[in-house]
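Q: Can you walk me through this one? I'm new to it, so keep it short.
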Amino acid sequence: MKRIIQITLLAVVLSGSLGCKKFLNLDPPSDLSGNNFWKTKADVENFTNGMYELMRKSVSRLNMRIAAGSTGNEFAFIPFAGECRGAPVFENKVGFDRYYIADLAGNNIRHFLTEVPTGNNWYRLFNFIRFTQWEQYYKVIAAANIAVDRIGGVPDATLTEADKKAYKGEAVFIRCMTYFFMLRQFGDVPYYTNPYNSSPLKRMPMVDVLKNCVADLEAVKADLPWTYKDPVFVSVRAMRGSAIALLMHMNMWLASFDAGNNTDYYKKVDALGDEIQNENDGAYAMLPLERSGEIFKGRSKEGLFEVPQNANYGESFAWSTFYDLVAYNLPGTGTRVSQLFYDYTYMQFLYPAGQPDKRANIWFDPTTFRTYNNNTQTFRMRKFLVNTDPTALDGFGFDASMIIFRYPDALLLQAEALAEIGNETKAKQMLNKVRDRAEAPQITSNGDELRNDIFFERCRELQGEGHYWYDVVRTRRIIDPGYKYGYHCTVDQYKSGCWTWPINASALVNNPQMTLNTYWQ
């Protein structure tokens, strides 16, 4: 933990990489002493950009060691952890070997982390152990804590009080988002908000971390703008809608793990859903599905928060996106096939034959969607294919941003919360807003059937965006033997943390209060 206080330097050095030329052209300060930094608005802007870059590293696992003497690369943690794990997905055994897909789908994390590379299975050369380490997260948190502490004292007269509040709101959002990523991955985590922590910390119960984050974010969300005049900042810098979406997710997680108070959390989600819809002054909207390329390219009115990439600015996740797993070459450009496919019966359940849904035709290849029948070479997902020009810099679609929250996500969380507190009429209104956009038949069910309809609508709408595993865990379908599509565990396994990731033993160094996750010991 002591090392994380060194992040002040790194945060500013990285300050030029949010994804546009104006960021890339910033010259980070060369002298970061207390007497020469935190003096100007530019200092605050640079440090803020640095925090976003650190967050980018934390969600893409940048600079993982691949093999001796190699350089690092970004890695697909978000789709691995949220979309492939425990899901009805399979490896297409054509082309590059991706045996880890089966490990993730079966929750065989020990095998995923430890198998020795053999033959042409070169993906095993990647150090997957990095997924068990939380140092990168704490670099983000340390930087955010420093920002919250220092922004108020910046003397630059051009930095107004409203500016200071907005910058502080961004720092609090980044901190809360990072804790949320951590606790969904590890469960209980060490928690602190002081700017220069050097004391060993034990793990705080996950529910307490969430409550602290909810209180912190509620206090600052109104200081964030609904959107930005400069379109470069839209969705990739924290907006009020970003904070609301995060609050909705945290309250839904609390409703699951602090079950005695779940009604209160559901009511908060409903209120937040009303706020994001009724008070956003036109900042957010669902776009026509025909504009999916715009949605997933990023910075659209549908985006609430995302991590950008833009090949024109030398910024690329490369194969660190879900798109790489389902990418296939366009006609006339080669023979590559999708490396991952979804179970045919699952896909036909999501999109029943004879029932209209524009997502089936726009987000998948309609010529093979009904016929691939686990013939893996013909599975074609086009959802994240934002550019169909084979000569473009983005490499057949890799220019899509990493979507964290979208507007339909918030609508469906509100629908879920409403169904849980018995307001089924309003729940169906929220649910059917999403389905109406897809020109799919409206849902009219009630009770448990309505709850299932909302869950599977999230599976449809958010497929590939990293929500599946967390929704299965949060709704306890992971322990429901009646749930047919994905990994199951026993109640005891669930309680002992089979849904978490192992915590690397390095967390125990010089910290006698630290413990690891029981299930993985």
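A: Start with the largest cavity, which holds about 160 Å³ of space. Keep in mind that this is a predicted model.

Q: Which residues lie nearest the centre of the largest cavity?
A: F322, S401, M402, I403 and G464 lie nearest its centre. The lining has 14 residues in total.

Q: And which elements give two or more residues to that lining?
A: Three elements do: α4 (77–84), α13 (322–326) and β4 (402–406).

Q: How does the lining of the largest cavity divide by class?
A: Eight residues are nonpolar, five are polar and one is charged.

Q: How many cavities of 30 Å³ or more does a search of the whole structure find?
A: Seven.

Q: OK, what about the second largest cavity? How much space lies in it?
A: About 100 Å³.

Q: What lines the second largest cavity?
A: From the early part of the chain, I78, M177, F180, F181 and R184 are among the lining residues. The others are I403, I404, F405, E465, G466, H467 and Y470.

Q: Where does the largest share of that lining come from?
A: From α8, with four residues. Both α8 and β4 supply at least two.

Q: And the classes in the lining of the second largest cavity?
A: Eight nonpolar, two polar and two charged.

Q: Let's stay with α8. At what angle does it pack with α10?
A: About 30 degrees, and the axes are 11 Å apart. Here α8 covers residues 161–186 and α10 covers residues 240–257. The two helices are therefore roughly parallel to each other.

Q: Is the crossing of α8 and α10 left-handed or right-handed?
A: Left-handed.

Q: Which residues make that contact?
A: On the α8 side, F173, C176, M177, F180, L183 and R184. On the α10 side, S242, A243, L246, H249, M250 and W253. By class, the contact of α8 with α10 has nine nonpolar residues, two polar and one charged.

Q: M177 rings a bell. Where did M177 come up before?
A: In the lining of the second largest cavity, where F180 and R184 are also listed. M177, F180 and R184 are also among the α8 residues in the contact with α10.

Q: What about α3 and α8? How do they pack?
A: At an angle of about 15 degrees, with axes 11 Å apart. Helix α3 spans residues 41–60. That angle makes α3 roughly parallel to α8. The crossing of α3 and α8 is left-handed.

Q: Who is in the contact of α3 with α8?
A: From α3, K41, V44, E45, T48, M51, Y52, M55 and V59. From α8, D163, Y167, E170, A171, I174, M177, T178 and F181. The contact divides into 10 nonpolar, two polar and four charged residues.

Q: Switch to α9. Is it roughly parallel or roughly antiparallel to α10?
A: Roughly antiparallel, because angles over 145 degrees count that way, and α9 and α10 pack at about 150 degrees. Their axes are 10 Å apart, and α9 is residues 206–220. The crossing of α9 and α10 is left-handed.

Q: Which residues meet there?
A: M206, V207, L210, K211, C213, V214, L217 and E218 are the α9 residues. They meet A243, L246, L247, M250, N251, W253, L254 and F257 in α10. The contact of α9 with α10 has 13 nonpolar residues, one polar and two charged.

Q: Last topic: pockets. How much space lies in the largest pocket?
A: About 480 Å³.

Q: How many residues line the largest pocket, and which lie nearest its centre?
A: There are 23 lining residues. E420, R451, N452, T475 and R477 lie nearest the centre.

Q: Which element gives the most to the lining of the largest pocket?
A: α18, with five residues. At least two each come from α10, α11 (262–278), α16 (407–420) and α18 (447–461).

Q: And how does the lining of the largest pocket look by class?
A: It has 10 nonpolar, five polar and eight charged residues.

Key: Residues are numbered from 1 along each chain as its sequence is written. This is a predicted model: local features need pLDDT of at least 70, side-chain atom pairs count only at pLDDT 80 or more; totals for chains, interfaces and linings use all residues. Side-chain values use heavy atoms; hydrogens and water are left out. Axes are lines fitted to C-alpha atoms, for helices over the stretch in contact, and angles run from 0 to 180 degrees between N-to-C directions. Angles under 35 degrees count as roughly parallel, over 145 as roughly antiparallel, 65 to 115 as roughly perpendicular and the rest as oblique. A crossing is left-handed if the near helix is turned anticlockwise from the far one by less than a right angle, and right-handed if clockwise. Contact means heavy atoms within 4.5 Å. Ala, Val, Leu, Ile, Met, Phe, Trp, Tyr, Cys and Pro count as nonpolar, Asp, Glu, Lys and Arg as charged, and the others, Gly among them, as polar. On a 1 Å grid over the protein atoms alone, a cavity is a set of points where a 1.4 Å probe fits but cannot get out, and a pocket is an open set with protein on both sides within 12 Å along at least five of seven lines; lining residues have an atom within 4 Å of a point. Grid points are joined across faces, edges and corners, and a volume is the space filled by probe spheres set on the points.
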